[in-house]
Every structure is written in C-alpha cells, then in structure tokens.
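The following exercises concern local geometry, packing and enclosed space in one protein model. Each task is followed by a worked solution.

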Amino acid sequence: MTETLLKNADLILTMDESRQELSKADILVRDGQIARIGRGLETQGEVHDVSGCVVTPGLVNTHHHLYQTLTRAVPGGQDALLFGWLQTLYPIWSRFGPEEMFTSAQIGLAELALSGCTLSSDHLYLYPNGARLEDTIAAASELGMRFHPTRGAMSIGESDGGLPPDHLVEKEAAILDDMIRVVDAFHDPSEGSMCRVGLAPCSPFSVSRDLMRDAALLARDKGVMLHTHLAENDEDIAYSQAQFGCRPGQYAEELGWTGPDVWHAHCVKLDGAEIDLFSRSETGVAHCPCSNCRLGSGIAPVRAMRDAGVKVGLGADGSASNDNGNLMLEARQAMLLQRVANGADAMSVREALEIATRGGADVLGRPDCGRLMPGKRADIAVWDTRGIESAGSWDPAALLLAGPMSVKHLFVEGRQIVRDGHITTIDLPRVIERQNTLARALQA
C-alpha cells in the first residue's frame with residue numbers, strides 16, 4: 001500500500017456532485033485513488049505541504065494532434081484559414097516517421113502536464129514512413145500521463161476530390177485492420193485505465209461515407225469511443241452541404257456518429273437543431289477556443305450547448321493551429337470568448353474550470369477522473385497562489401482571472417510527474433533539444 005498526503009491546501013476545488021470547496025484541507029491518496037478529503041488527515045507515507053496553494057482535479061484535454069508540435073509557427077500557415085493551413089502543412093507532415101511522432105508527443109504531453117493536465121486524448125490521422133499509433137502511446141507511458149489515443153485516418157486524396165495529398169492517405173481496408181490491431185493491443189477499458197484507444201476518421205472531407213459508417217460499427221463492436229472533426233468553420237459547412245446535401249450534424253447522425261460514445265472536435269458552426277441533437281443523444285464536444293481564434297473559425301456556441309445539456313470539454317488542438325499547449329489558457333480563453341459573444345456574465349471562472357476538469361472527463365467517458373472525491377483517481381493539480389499572478393486577488397478560486405497558468409505539482413494516478421514546476425519522469429531538456437534538431441531537419 002502506497003500513501004501520499006497533500007496537507008494544508010488553502011482551497012480545494014473538488015468538482016464533486018455539489019461542487020464543494022474546502023479551505024485549509026488535506027487530500028489522502030492511496031494506491032492511485034483518493035482515499036479521503038478533510039482536515040487533520042495523517043499518513044505514514046509521503047507528505048506534501050501545499051500551504052498557499054489551490055488544489056483542483058487534473059485538467060482534461062479532449063482534442064489534440066500531438067505530432068504538430070514539430071510544426072509550430074510555420075510561416076506559410078501562420079495567417080491561413082483551415083483548408084489553406086492544412087495544404088501548407090501536409091507536405092511537411094509527410095516527411096515524419098516514428099521518431100518524429102514519439103518526440104513530438106513527449107513535448108506536447110509535457111507541455112500539457114506543466115499546465116495542469118493529467119489526461120489527454122490525441123487524434124493521430126496520418127502514418128507516414130512507418131509511423132504507428134504506439135509511437136505516441138510509448139511517449140505517454142514514459143511520461144506517466146493518462147492517455148486516450150485515437151486511431152485516425154484519411155482515405156480520400158486530392159485525385160478523388162479530397163484535401164490531403166494522395167501519398168498521405170490509406171486504403172480503407174488497411175485502416176480498419178489497423179484499428180482492430182491497436183484496440184486489441186492497447187485499449188484498457190477498466191476503471192483507472194491509463195490508456196484507452198478510440199477510432200477517429202479525420203473528418204468528413206478526408207474519408208468516405210463508408211469508412212465513417214464502418215468505423216462506427218467497429219467501435220460499437222469493440223466497445224470504444226468515436227471521435228472526428230465536425231462543423232469547424234464556414235468552409236466545413238459549405239463542403240458538407242455541397243457533397244452530402246445536408247449539414248454536418250445530420251450527416252453524423254445518418255452514419256451513426258451520435259451518442260454517449262461519440263465526441264466531436266470544434267463544432268463552431270452547430271445550429272440550434274444540431275445542438276438539440278447532441279443534447280438528446282448525449283454526444284460530446286471538444287471545444288478548442290485558441291485554435292478557433294488562430295484559424296479565424298469563429299466562436300463556438302458553448303453557452304447554448306451547456307444550457308441545452310450538451311457535454312463540453314476543452315481541447316488544445318494541434319500545436320500548429322494553436323502554437324501553444326497550455327490547457328489553463330484554453331480555459332481562460334473559453335470563458336472570455338463566451339463573454340465576448342454573450343455578455344460578461346455568460347461564463348464564470350468556476351464554470352470554465354468545471355469544463356476543463358469534470359466536463360472533459362465526462363466527454364471522454366471517464367467519470368473516475370475530473371473530480372476530487374474518495375474513490376476517484378488521484379489525478380491532482382496543485383497551483384501556487386503566492387506568486388505575482390495572484391497578488392492582490394480576493395478570490396483564490398478565480399485562477400483564470402488572477403492565478404498561475406503553470407502548475408506547481410501534478411499527480412497522475414497518485415504518481416508525481418511535476419514537482420516544483422519541473423517534469424520528474426523524463427529528461428525534458430534533452431527531449432527539447434531533440435525536438436529542435438528534428439524541426440531543423442524538416443526545414444532543410
């Protein structure tokens with residue numbers, strides 16, 4: 001039995017069923033789970049004094065493309081809309097291989113961890129030069145992050161009217177075979193799982209109707225979740241109407257892509273009927289506010305979604321369409337955008353933090369994560385509010401208004417992977433050096 005005690009927290013934001021907030025309290029962790037929360041707790045194990053700190057559940061990232069950390073701020077894509085941005089980057093990504101996938105995943109996940117993230121999904125939809133999904137799984141395992149990789153795919157190249165170049169797409173039979181392989185090899189459905197695999201054809205404009213339908217059938221047969229991009233911008237809507245004769249929500253519903261085992265990224269352009277559909281079907285949404293700003297896609301109707309009961313989590317999205325992987329900044333941006341669109345009272349700091357924690361966990365089908373309660377997983381973020389960012393703050397819980405954007409300590413399954421603002425599990429300076437070497441080689 002292994003125990004760890006976090007003692008004397010100024011404030012614990014539990015995100016439990018009543019959203020309880022506890023001052024001057026402790027958290028006892030035992031064998032990867034939260035054992036007790038209260039005052040005056042004791043242990044024979046390791047003790048961390050977290051005086052002066054706010055403690056939250058670990059943040060949850062519901063949409064990312066980790067490989068893109070190798071192509072941040074590419075000049076040709078800096079000022080492009082979605083489709084033009086993709087066409088700039090596809091030729092660069094086609095030069096990736098296993099090492100690029102592994103290293104970029106470690107950098108992306110480490111960056112997320114330093115921002116308080118304990119659970120991240122990833123959408124890997126291209127596999128050039130022998131790259132495989134397990135390249136990213138190995139990176140997450142070494143770092144110690146809880147991971148939900150998804151086996152993405154593209155099957156319609158330029159010669160067939162699609163957006164990606166032909167050499168980056170795969171045959172659909174091979175895609176389905178590999179989906180079966182990675183689920184059988186790596187998916188762990190148990191409570192407390194450190195790795196769950198999902199199926200994720202890239203988007204309606206890069207795969208066929210048949211692959212969308214077949215992936216949905218396969219996912220249900222295997223008991224795994226489904227993920228794709230949907231209704232990201234005006235171009236996306238126009239494509240759906242021109243190619244399928246309907247809006248994206250209707251297309252998704254017709255192919256079996258709604259339900260509690262499905263979550264869609266972006267959904268910036270969902271209309272009222274689609275929001276109602278997602279609410280009725282318990283379909284989740286990964287809201288990616290910074291990426292939506294970066295690509296000029298618009299402001300997702302998160303307030304309307306939340307009011308309708310749609311499950312919403314946050315996504316950092318690919319670093320090439322965001323250039324940053326800080327999930328606290330995503331939560332702040334989500335709050336600010338809803339205020340821009342709907343007024344200063346449209347979203348509170350506590351609601352934005354709820355979306356970033358238990359909201360994301362619920363989107364990913366992880367009720368064992370995203371809240372600090374006895375019996376839940378010990379995924380815990382500790383925020384030091386004694387620094388300049390919080391100086392003068394009257395409300396320590398208002399981290400998104402006046403608080404640190406980097407975590408002091410981070411625990412995943414009770415294991416400390418960030419201590420005093422530094423990653424403990426990998427040699428991060430060495431990985432950064434390797435990442436920069438790979439980036440320079442891609443520019444040559």
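Helices (H or I, at least four residues) and strands (E, at least two) are DSSP runs, numbered from the N terminus. The model is predicted, so local features need pLDDT of at least 70 and side-chain atom pairs count only at pLDDT 80 or more, while totals for chains, interfaces and linings use all residues. Residues are numbered from 1 along each chain as its sequence is written, and side-chain values use heavy atoms, with hydrogens and water left out.

**Exercise 1. Examine the backbone at H266 and D420.**

Step 1. Most residues other than glycine have a negative phi.

Step 2. H266 has a positive phi near 85°, and its place is in strand β11 (residues 262-266). Because its relative accessibility is 0%, H266 counts as buried (under 20% relative accessible area; exposed is over 50% and partly exposed in between, with a 1.4 Å probe and protein chains only).

Step 3. D420 is likewise not a glycine and has a positive phi of about 50°. This residue is in the loop between β16 (415-419) and β17 (422-423). Its relative accessibility is 45%, so D420 counts as partly exposed.

**Exercise 2. Trace the pairing of β1, β2 and β3.**

Step 1. Two strands pair if DSSP finds at least two bridges between them. Strands β1 (residues 3-13) and β2 (residues 21-30) run antiparallel and are joined by eight bridges; I12 stands opposite L22 in β2.

Step 2. Five bridges pair β2 with β3 (residues 33-38), again in the antiparallel sense. I27 has I37 in β3 as its bridge partner.

Step 3. The hairpin of β2 and β3 has two residues between the strands, and D31 in this hairpin takes a positive phi near 50°.

**Exercise 3. Classify the aromatic contacts.**

Step 1. Rings of Phe, Tyr and Trp (its six-membered ring) pair if their centres lie within 6.5 Å; planes under 30 degrees apart count as stacked, over 60 as edge-to-face and the rest as tilted. The structure holds nine such pairs.

Step 2. The pair of F83 and F205 is tilted, at 4.8 Å centre to centre with 55° between the planes. Since F83 lies in helix α1 (residues 82-93) and F205 in the loop between β9 (198-201) and α5 (209-222), the pair ties together parts that are 122 residues apart in sequence. Both F83 and F205 are buried.

Step 3. W85 and W93 pair edge-to-face, at 5.8 Å centre to centre and 75° between the planes. Both W85 and W93 are buried. Ring pairs link Y67, W85, Y90, W93, F96 and Y125 into a cluster.

**Exercise 4. Characterise the enclosed space.**

Step 1. On a 1 Å grid over the protein atoms alone, a cavity is a set of points where a 1.4 Å probe fits but cannot get out; lining residues have an atom within 4 Å of a point. Grid points are joined across faces, edges and corners, and a volume is the space filled by probe spheres set on the points. The count comes to two cavities of 30 Å³ or more.

Step 2. The largest cavity holds about 120 Å³ of space. Its lining has 16 residues, of which L82, W85, L86, H229 and E232 are the closest to its centre. Helix α1 supplies the largest share of this lining, three residues.

Step 3. The second largest cavity has a volume of about 30 Å³. Its lining includes P204, L230 and D236, and α6 gives the most to it, with four residues.

Technical notes
On a 1 Å grid over the protein atoms alone, a cavity is a set of points where a 1.4 Å probe fits but cannot get out, and a pocket is an open set with protein on both sides within 12 Å along at least five of seven lines; lining residues have an atom within 4 Å of a point.
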